[in-house]
Amino acid sequence: MSYQVCIDIGGTFTDCLVVAPDGEVRIFKSPTTPGEFENGFVNVLHVAAEGYGLEPAEFIAQIDQIVHGSTVSTNALVERKVARTGVILNEGHKDILTLREGPRKGAFEWKIDYPEPYIPASFTKTVRGRIDARGHEHVALDEAQVREAVQALIDRGVEAIAVGLLWSVVNPAHELRVSEIIREMKPDLAVSLSHKTNPLPREYKRIIATAIDASISPVISSYISKLVKKLDEADFSGELLLANCVGGMMPTETMIEQPIYSVMSGPTLAPMAALALTDEKDVIVGDMGGTTFDVSALRDHKLIITPDSMIHDDALGIPKVDVRSVGAGGGSIAQVDVGGMLQVGPHSAGARPGPACFDKGGDKPTVTDANLLLGLIDPDYFLGGAFPLRRDLAEQAVKPLADELGVSVEKAAYAIYTTANHNMVGAIEDITIREGLNPRDSYFVAGGGGTALHIAEMADVMGLSSYMIPRFMAGLSAFGGLISDLRNDFSGALHTDARRFRLDDVNRLIDDLRKEAKAFLETARVPEDQHAFELSFQGRYEYQSWEIEVPFTLENGKLSEADIEDLSKRFHEMHERIYSIRNEDDTVEFTRWNVRAIGKRDTIDTWRAGQIAPQNGAPAPKAHRSVWIQEGVDGGFRDLPVYNLNDLGAGAEVSGPSVVEAETYTAIFRPGHDFNVDDLGNLLVTINRS
């Protein structure tokens with residue numbers, strides 16, 4: 001008997017989703033422990049053990065595998081709590097991180113300060129030496145100057161050094177020698193080399209990725225070490241896998257070697273869950289936690305990968321699953337700005353002290369406080385009754401804001417509620433309308449503990465016709481971790497074009513990348529019959545500035561002359577899909593080649609066996625509750641039936657307005673929002689506006 005577990009650390013709660021051997025899925029939550037995330041990790045395992053009626057040691061001994069998604073590195077970057085880092089560049093190129101690629105700004109941002117570089121100039125050193133674009137040594141590396149630069153950074157107290165030299169993607173000899181010198185001078189320094197971190201010809205993206213990788217390396221290494229130690233103390237003997245930002249898992253050893261792949265990794269798990277839950281072609285995935293609302297999308301039932309993710313004013317540098325975030329979580333704080341307008345977020349009460357109603361010392365009005373005052377949440381049944389809420393404290397927090405707005409407490413609470421909804425709708429429009437998707441033609445999958453309280457009004461605003469509330473929506477990202485394969489990308493730069501295609505060189509590079517990918521899967525102990533590989537290239541039209549990523553396949557294990565035309569055809573099709581135009585008379589240039597290693601996990605479909613019993617008779621509500629319903633300009637409390645999710649069997653049908661309560665979430669259904677329950681316990685909602 002064994003359990004599969006995924007633990008996802010959020011801003012307010014840590015989610016633990018468990019799949020039992022019979023396929024039953026259960027979710028457990030425990031407060032997040034900022035600064036001591038490893039303690040919250042073990043705490044939620046103890047909560048899960050109690051849920052199964054087991055002692056913690058007994059439960060942990062029966063866990064085969066734990067997969068883990070967190071925001072540790074993302075938080076470190078957002079809050080700038082990273083390791084003190086230096087960077088070594090070529091002589092004459094000190095300003096790569098300052099100049100970037102020319103900071104972009106909105107059409108109406110006519111006055112904006114030039115952003116500071118990720119690594120300050122005082123921590124940026126240059127050295128003499130030069131490799132040219134063909135990989136030849138144009139100027140020998142000045143090792144004495146390298147030692148002076150390294151010593152100067154050591155004297156400044158750096159914990160990590162990023163090395164980014166020109167054309168190291170063609171010939172890494174100089175970068176490797178700089179690394180050797182650093183190791184000789186201070187072996188315990190974290191060192192990141194650009195040709196390994198992000199083998200891309202573009203200097204800024206390669207070097208910013210390397211700088212970020214170096215700066216979070218001590219953070220991630222320390223966190224993983226503490227986590228492994230905690231699990232060892234708990235006698236965990238199974239396998240620990242960590243989420244990465246390309247939609248998969250990595251062993252801990254690989255994540256320590258490539259910490260940049262941990263950035264924004266937690267939110268990428270939600271769209272992975274949607275891939276398994278629905279067969280719809282175009283899908284919007286919204287995941288509302290305590291601090292943020294994360295939104296992603298599937299197009300043609302595939303993940304959207306973006307090369308342009310940003311951290312503050314800097315690019316992340318590496319491609320990742322496209323997830324957009326806004327400060328609209330349950331803990332988002334409401335306030336009236338200097339212009340008299342209500343603002344919700346981005347500041348959050350977080351886990352400590354949390355919303356006022358948590359009775360943990362918070363006194364600011366938050367979205368959760370507003371939801372409680374509107375009757376959307378039962379204060380005695382929050383987290384199944386394990387975490388009772390204080391309505392009086394919520395009212396005390398919202399009352400000053402209501403007075404400032406000149407309205408009742410209930411109307412102020414609804415203003416907070418609907419403002420948060422419109423913030424989330426804006427994030428959805430950003431990833432749909434601005435990317436050529438019509439949200440009205442998309443299917444919505446709700447995730448996170450709070451989304452089901454808000455999705456009904458959001459759906460009416462956006463004109464959606466249907467959406468899903470998964471049975472385990474409060475742990476959607478955790479579920480995404482459980483059903484994700486191991487994934488890692490291996491890339492190499494090689495410039496060629498369709499007219500003068502370097503066939504032998506490209507085949508040699510792809511073969512080398514496949515060997516690296518295979519070695520990764522073997523190190524991760526993935527059986528060979530579960531190995532899979534996906535190939536892609538980055539290409540552009542001749543004289544174009546930016547590349548796009550295009551997948552391709554190999555029929556016979558290598559490219560032939562006949563395949564070159566097919567590569568160009570694939571590029572034209574992808575370019576038209578993204579930009580609505582194609583130019584088949586233009587020459588296609590190829591700049592980068594990528595092999596994605598995928599290790600299939602044979603346990604990821606266990607959850608499908610956890611089907612629920614059929615509904616017997618008409619569903620009966622467990623109670624009725626007064627809930628605020630807004631219709632047009634008028635709003636007020638209405639007495640709504642409240643159903644217990646565990647009492648609803650497969651095939652059950654319920655009409656809105658109504659409420660469904662589960663141990664980890666509450667769903668509010670507006671008039672016209674009718675749902676039925678599928679055989680896995682998911683609520684499938686259809687909106688009738690006639």
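**Close-up 1. Right-handed crossing of helices H5 and H6 in the predicted model**. The crossing of H5 and H6 is right-handed, and the two helices, H5 spanning residues 143-155 and H6 spanning residues 173-185, pack at an angle of about 50° with their axes 10 Å apart. H5 and H6 are therefore oblique to each other. On the H5 side the contact is made by Glu 143, Val 146, Arg 147, Val 150, Gln 151 and Ile 154, which meet Arg 177, Val 178, Ile 181, Ile 182, Glu 184 and Met 185 of H6. By character, the residues of this contact of H5 with H6 divide into 7 nonpolar, 1 polar and 4 charged.

**Close-up 2. Surroundings of Met 424 in helix H13**. Met 424 lies in H13, the helix formed by residues 409-431, and it counts as buried because its relative accessibility is 0%. When residues up to four places away in sequence are not counted, Met 424 touches Met 288, Phe 293, Ala 328, His 454 and Met 458. The C-alpha atom of Met 424 is separated by 41 Å from that of Val 169, a residue 255 positions away along the chain.

**Close-up 3. The open, mixed sheet E29-E30-E32-E33**. In this sheet 4 strands follow one another in the order E29-E30-E32-E33, with mixed pairing, and its edges are formed by E29 (623-631) and E33 (666-669), each of which pairs on one side only. Neighbouring strands of the sheet are turned by 30° against each other on average, direction ignored. E29 and E30 (residues 634-644) run antiparallel and are joined by 9 bridges, and Gln 630 stands opposite Gly 635 in E30.

Note on methods. Residues numbered from 1 in each chain as written. Predicted model: local features only at pLDDT ≥ 70, side-chain atom pairs only at ≥ 80, totals over all residues. Heavy atoms only, no water. Axes fitted to C-alpha atoms, helices over the stretch in contact; angles between N-to-C directions. Helix = DSSP H or I, 4+ residues; strand = E, 2+ residues; numbered from the N terminus. Parallel < 35°, antiparallel > 145°, perpendicular 65-115°, else oblique. Left-handed = near helix turned anticlockwise from the far one by under 90°. Contact = heavy atoms within 4.5 Å. Nonpolar A, V, L, I, M, F, W, Y, C, P; charged D, E, K, R; others polar. Buried < 20%, exposed > 50% of the residue type's maximum accessible area, 1.4 Å probe, protein only. Pairing = 2+ DSSP bridges.
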